[in-house]
Amino acid sequence: MQRTEYPLLSPSLGSQKTLVGFHFGTPGARPKVYIQASLHAEELPGMLVAHHLRERLEEAEKAGFLLGEVIVVPAANPIGLSQRLDHRAMGRFEFDTAQNFNRHYPDMAAAVLTDASSRMGPDAHANVATVRKLVGEWLTQWQPASELDSMRRRLLLLSHDADLVLDLHCDNDAVMHLYSEEACWPPFEPLARLLGCQAVLLARESGGGPFDERLSGLWWQLAAALRAQGVKAPLPQACASTTVELRGEADVSHDIARQDAQAIFAFLEHTGALAAAAPRALPPMACKPTPLAGSQTLRSPVPGVLVFLAKPGSHLDVGDVVAEVIDPTAAGPARVHEVRSEVSGVLYASVRERYIVAGGEVGKIAGATPFRSGDLLGA
């Protein structure tokens with residue numbers, strides 16, 4: 001194992017933040033798996049999972065079981081970790097730009113399209129190697145003008161040539177679930193089984209340029225762009241990436257983190273990145289994948305005290321009451337507003353705040369029928 005520090009661009013005199021990566025195995029070995037945690041810096045379960053996963057990987061490497069290359073970045077957002085306001089962590093949006101730390105990553109397919117179009121050939125393996133080389137060169141020559149972009153660049157330099165990418169997040173209050181692009185679902189079905197996901201949200205493309213989709217989207221988007229130019233060359237889906245939502249913000253305990261680290265470790269065995277000591281049967285799926293476009297974000301049209309009648313993990317039908325919003329200052333029955341489900345599915349996440357403003361988000365239900373379009377992710 002090698003611990004490496006990567007300094008970010010300094011935004012001010014006397015200020016310097018650093019990313020830390022832990023590298024296991026031989027560089028260039030396949031499969032390469034990249035795992036990062038807490039890109040939204042206030043989402044801490046992934047940091048603890050990374051802590052326990054590192055212990056398992058160190059033992060496996062010493063025992064000679066590490067066959068591929070694994071990179072773990074336990075704290076992927078040192079900028080957000082330093083942001084606090086009124087004694088509260090503020091790690092989702094950068095203070096200077098108000099940008100979400102998990103949006104606005106560069107379109108690498110567009111960046112290398114011109115060079116790739118003249119270098120593709122009949123060998124799919126060689127084409128993958130060419131694209132990875134072109135992307136690496138483009139990222140190397142990119143000169144970020146801000147601390148935030150320097151962090152984006154470093155994370156992409158570490159991960160752009162990975163076969164598999166796990167971006168560990170969490171929601172406010174939630175059950176285990178994951179997001180991924182449709183092209184990535186087959187490689188990640190075993191992970192969803194091992195983690196016991198109660199919701200799997202799939203989209204061709206979610207929009208907004210999130211970290212994980214820029215890595216996996218590179219391949220199917222570039223392949224489509226090459227076909228549109230008349231380039232007849234095989235280009236497989238050489239990277240599968242996913243955002244893993246490790247339940248809720250308060251689910252930070254050694255028992256839970258060890259359980260999740262063990263599931264990811266078993267997934268690494270399944271992929272061949274680790275030699276398995278013994279064959280392992282995959283557990284059954286706890287849910288069916290549903291389209292992200294079918295996910296309903298519940299909102300309240302009125303302000304008041306939020307009281308949940310359903311918990312994350314509950315299966316809801318259309319019309320079921322999910323929560324009540326109480327206005328203790330109102331007269332008569334108007335003081336109670338019911339927030340009802342408009343789709344059937346699992347309530348996979350809810351907010352933790354118990355006072356809600358008009359238009360405020362209440363929770364999310366994984367519906368099976370698409371009804372949304374455009375950018376599918378929230379702020």
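Q: Which strand holds Arg 299?
A: Happy to start there, and please keep in mind that this is a predicted model. Along the chain, Arg 299 falls within a strand, and that strand is S13.

Q: Is Arg 299 buried, partly exposed or exposed?
A: The relative accessibility of Arg 299 comes to 47%. Buried residues lie under 20% and exposed ones over 50%. With 47%, Arg 299 therefore counts as partly exposed.

Q: Which backbone oxygen does the side chain of Arg 299 reach?
A: Setting aside neighbours within four places in sequence, Arg 299 is in contact with Val 339, Gly 359, Gly 360, Glu 361 and Val 362. One of these residues also offers a backbone oxygen to the arginine side chain, at 3.2 Å. That oxygen belongs to Gly 359.

Q: How many disulfides does the structure hold?
A: A good one to reason through: a disulfide is a covalent bond between the sulfur atoms of two cysteines. To count here, the two sulfurs must be within 2.5 Å. The sulfur of Cys 197 has its closest cysteine sulfur in Cys 287, 6.4 Å away, so that pair is too far apart for a bond. For the structure, the number of disulfides is 0.

Q: What cysteine has the sulfur closest to that of Cys 239?
A: Cys 239 is buried, at a relative accessible area of 1%. Its closest cysteine sulfur is 6.7 Å away, which means too far for a bond. The residue carrying that sulfur is Cys 184.

Q: Which residue shares a side-chain polar contact with Lys 17?
A: Lys 17 sits in the loop between strands S1 and S2, and at 17% relative accessible area it is buried. Beyond four places in sequence, Lys 17 touches several residues, among them Tyr 6, Pro 78, Ser 82 and Glu 147. The side-chain polar contact is 3.3 Å, and the partner of Lys 17 is Glu 147.

Q: What is the volume of the largest pocket?
A: The lining of this pocket comprises 45 residues, with Glu 42, Arg 92, Asp 171, Asn 172 and Glu 249 nearest the centre. Elements that each supply at least two lining residues include helix H7 and strands S7, S11 and S13. By class, the lining has 16 nonpolar, 13 polar and 16 charged residues. The volume of the largest pocket is about 1300 Å³.

Q: How many charged residues are in the lining of the second largest pocket?
A: This pocket has about 190 Å³ of space. Its lining has 13 residues, and the closest to the centre are Gln 198, Cys 287, Lys 288, His 315 and Val 346. Strands S18 and S20 each give two or more residues to the lining. Divided by class, the lining has 6 nonpolar and 6 polar residues, and the charged count is 1.

Q: Which proline follows a cis peptide bond from Arg 30?
A: Most residues other than glycine have a negative phi, and most peptide bonds are trans. The bond in question has omega near 0 degrees, making it cis. The proline is in the loop between S2 and S3, and its name is Pro 31.

Q: What is the phi of Arg 247, which is not a glycine?
A: Arg 247 lies in strand S11 and counts as buried, at 14% relative accessibility. Ser 38, which is not a glycine, has a positive phi of about 60 degrees, and this serine is buried at 1%. For Arg 247, phi is also positive, at about 65 degrees.

How values were computed:
Residues are numbered from 1 along each chain as its sequence is written. This is a predicted model: local features need pLDDT of at least 70, side-chain atom pairs count only at pLDDT 80 or more; totals for chains, interfaces and linings use all residues. Side-chain values use heavy atoms; hydrogens and water are left out. Helices (H or I, at least four residues) and strands (E, at least two) are DSSP runs, numbered from the N terminus. Buried means under 20% relative accessible area, exposed over 50%, partly exposed in between (1.4 Å probe, protein chains only). A polar contact is a pair of N or O atoms within 3.5 Å; within protein, one must be able to donate a hydrogen and the other to accept it, and residues adjacent in sequence count only if both atoms are side-chain atoms. Contact means heavy atoms within 4.5 Å. On a 1 Å grid over the protein atoms alone, a cavity is a set of points where a 1.4 Å probe fits but cannot get out, and a pocket is an open set with protein on both sides within 12 Å along at least five of seven lines; lining residues have an atom within 4 Å of a point. Grid points are joined across faces, edges and corners, and a volume is the space filled by probe spheres set on the points. Ala, Val, Leu, Ile, Met, Phe, Trp, Tyr, Cys and Pro count as nonpolar, Asp, Glu, Lys and Arg as charged, and the others, Gly among them, as polar.
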